[in-house]
Amino acid sequence: MVSALFPLTVKGATTTRRGKVLAGPIDLTLDGGGTCVVIGPNGAGKTSLLRMLHGTARITRGQVTWACDTETARHHQAFVFQHPVMLRRSVIENLVYPLRVRGMPRTAARQRAVDWATRIGLGHMLERHAPVLSGGEQQKLAIARALIVEPRLLFLDEPCASLDGRAMREVEEILVQAAASGTRLILSTHDMGQARRLADQVVFLLRGKVQETGLAKNFFDQPQTSQAVAFLNGDIVE
Amino acid sequence: MTDLWQGLVQAFWLVVTFDAELAEISLRSLRVTLTALVVASAIAMPLAAFLSVQRFRFRRHVVALLNALMGLPPVVVGLVVYLMLSRSGPFGVLGLLFTPTAMITAQVIIIVPLIASIAHQSLRDLWQEYHDLLISINVTRRQKIATLLWDARRALLTAGLAGFGRAIGEVGAIMIVGGNIDNATRVLTTAIALETGKGDFALALALGIVLVALAVAVNVAIHWLSRTEREGRW
Ligand SMILES: Nc1ncnc2c1ncn2[C@@H]1O[C@H](COP(=O)(O)OP(=O)(O)OP(=O)(O)O)[C@@H](O)[C@H]1O
Ligand SMILES: [Mg+2]
């Protein structure tokens with residue numbers, strides 16, 4: 001039996017850097033199924049929150065508690081960064097890498113990597129050097145490289161920021177499929193259309209704090225705070 | 001002037017006819033320096049990778065020390081190695097003084113800081129790029145180091161070539177610890193020094209031609225490597 005990651009409880013979690021608070025204190029509970037979308041203006045702390053949950057930003061106060069121990073939780077997570085990090089290797093080797101790190105034999109890893117490359121439409125450029133791919137191709141590769149280990153929870157930090165309409169739809173399709181096959185998604189986005197399409201739950205961040213959170217349906221139909229109303233209207237919120 | 005001209009002509013002949021003595025000395029030089037290079041790289045490159053990924057209290061100091069050691073005068077290295085290996089020294093019983101092993105030891109000490117410093121610069125940059133990703137997928141320290149070393153292999157080759165260039169042209173240290181013994185420890189640089197002293201310019205120049213050819217080849221290779229690196233291929 002696999003241990004569950006959720007519910008996730010965040011209590012007063014804060015991350016600071018050289019004394020400056022990047023995000024927090026944040027209180028949040030994530031339970032139930034579905035995709036959680038984090039929204040908020042630039043600098044609101046979306047990236048900082050995701051990193052804190054994933055454990056790559058140091059939590060200086062408060063805590064993040066999973067249903068299982070942190071190490072197990074971490075093992076079942078993957079992260080797609082706002083700016084994709086490409087290993088200086090071929091497309092296929094980028095996909096093989098996380099599997100090899102986890103000890104999968106080379107042939108099996110390669111087979112799975114080819115499958116994923118084909119799925120994201122990069123099957124014809126397996127041997128291409130990943131850092132020379134276009135921004136959109138890199139983003140898709142980064143997502144595939146995260147999903148290839150079949151994480152139970154995937155963080156995506158603005159996964160579609162540099163994608164055109166078509167690439168965005170492709171990515172969303174991959175994400176919907178992943179969600180359908182049991183991967184929980186926590187993603188941040190600037191695109192309200194995308195937020196509406198993907199979100200089951202919304203976390204609206206402002207100045208490093210949770211301004212409003214709840215089911216997507218409620219949030220979009222009846223935002224409770226004036227800032228959320230303004231943000232959804234496309235006004236400048238500070 | 002005629003001396004020089006005659007010397008050049010003879011030197012040219014020695015090279016094209018693959019003169020036995022010239023070949024022997026050249027090969028010994030290559031053997032000593034390539035061995036030193038392999039040993040030094042095996043020490044310097046993992047060390048550089050470790051210094052890139054591992055945070056510890058005196059890391060900056062260690063890096064600064066490595067940079068400072070690059071400027072170590074080879075003659076002094078030779079002197080110290082001589083004292084260590086001489087009969088009365090701590091490693092005297094090994095009987096290594098005036099052997100190729102002694103020369104390799106000196107060359108290793110001279111080029112480890114050089115290779116480590118150059119390698120560290122590229123590995124640190126690469127680590128900045130990879131940091132978030134590798135932390136996120138939970139790689140072990142060994143895996144981090146292996147990944148950096150593999151993905152920076154071109155830069156490491158450049159570092160290695162720089163070390164080779166430094167070692168093959170070095171004369172002071174290996175003269176002291178090797179003793180420039182005919183058929184045993186005579187290499188390109190020490191032979192040139194000796195033949196020049198004796199006035200046999202032909203052999204000295206021939207040896208010089210080989211040495212220069214090696215040095216040029218190394219620099220061409222470094223140049224080519226750094227160009228392909230910028231193009232991001234390979
Ligand atoms: N490494 C850092 N050092 C100092 N300040 C930082 C650092 N990283 C982030 N910050 C600051 O912390 C705040 C939150 O940043 P964060 O990246 O989490 O915002 P964000 O919501 O992801 O913004 P964006 O939409 O632009 O990606 C910002 O004010 C930012 O300037
Ligand atoms: Mg961000």
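This section describes the folds of chain A and chain B, selected backbone features, and the contact between the two chains. The structure is a predicted model.

Chain A combines both types of secondary structure, with nine helices and nine strands. The C-alpha trace of chain A extends over about 55 × 40 × 35 Å along its principal axes. A compact globule of 238 residues would be expected to have a radius of gyration near 18 Å, and the 18 Å found for chain A therefore agrees with that expectation. Of the 238 residues in chain A, 53% are buried. When contacts in chain A between residues at least 6 apart in sequence are considered, 67% of them join residues at least 24 apart. The accessible surface of this chain amounts to about 10900 Å², and carbon and sulfur atoms account for 49% of that surface. With respect to charge, chain A carries 29 positive and 21 negative side chains, and a distance of 7 Å separates the centres of the two sets.

Chain B is built from 10 helices and has zero strands. Read from the N terminus, its elements accordingly follow the order α-α-α-α-α-α-α-α-α-α. Its C-alpha trace spans about 70 × 50 × 25 Å along the principal axes. Buried residues constitute 43% of the 234 residues of chain B. Among contacts in chain B that link residues at least 6 apart in sequence, 74% are between residues at least 24 apart. Chain B presents an accessible surface of about 12200 Å², with 67% supplied by carbon and sulfur atoms. The charged side chains of chain B comprise 19 positive and 14 negative groups, the centres of the two sets being 14 Å apart.

Several backbone features were identified in the two chains. Most residues other than glycine have a negative phi, and most peptide bonds are trans. In chain A, the peptide bond from Phe6(A) to Pro7(A) is cis, with omega near 5°. Pro7(A) belongs to the segment that precedes strand E1 (8–17) of chain A. Further along chain A, Arg18(A) has a positive phi, near 45°, although the residue is not glycine. Arg18(A) is situated in the loop between E1 and strand E2 (20–30). The relative accessible area of Arg18(A) is 81%; because this value is over the 50% cut-off, the residue is classed as exposed. In chain B, a positive phi likewise occurs in a residue other than glycine, namely Phe98(B), where the value is near 60°. Phe98(B) lies in the loop that connects helix H4 (74–85) with helix H5 (100–136) of chain B. With a relative accessible area of 36%, Phe98(B) falls between the 20% and 50% limits and is therefore partly exposed.

The two chains are in contact through 17 residues from chain A and 17 residues from chain B. The area buried between them is about 1700 Å², to which carbon and sulfur atoms contribute 49%. On the side of chain A, Arg88(A), Tyr97(A) and Val101(A) together provide 33% of the area that this chain buries against chain B, more than any other three residues.

Note on methods. Residues numbered from 1 in each chain as written. Chains lettered and ligands numbered in written order. Predicted model: local features only at pLDDT ≥ 70, side-chain atom pairs only at ≥ 80, totals over all residues. Heavy atoms only, no water. Helix = DSSP H or I, 4+ residues; strand = E, 2+ residues; numbered from the N terminus. Rg over C-alpha atoms; globule rule 2.2 N^0.38 Å. Buried < 20%, exposed > 50% of the residue type's maximum accessible area, 1.4 Å probe, protein only. Contact = heavy atoms within 4.5 Å. Areas by Shrake-Rupley, 256 points an atom, 1.4 Å probe, with all protein chains shown as cover. Lys, Arg positive; Asp, Glu negative; His and termini not counted. Charge placed at Lys NZ, Arg CZ, Asp CG, Glu CD. Buried area = accessible area lost by both parts, 1.4 Å probe.
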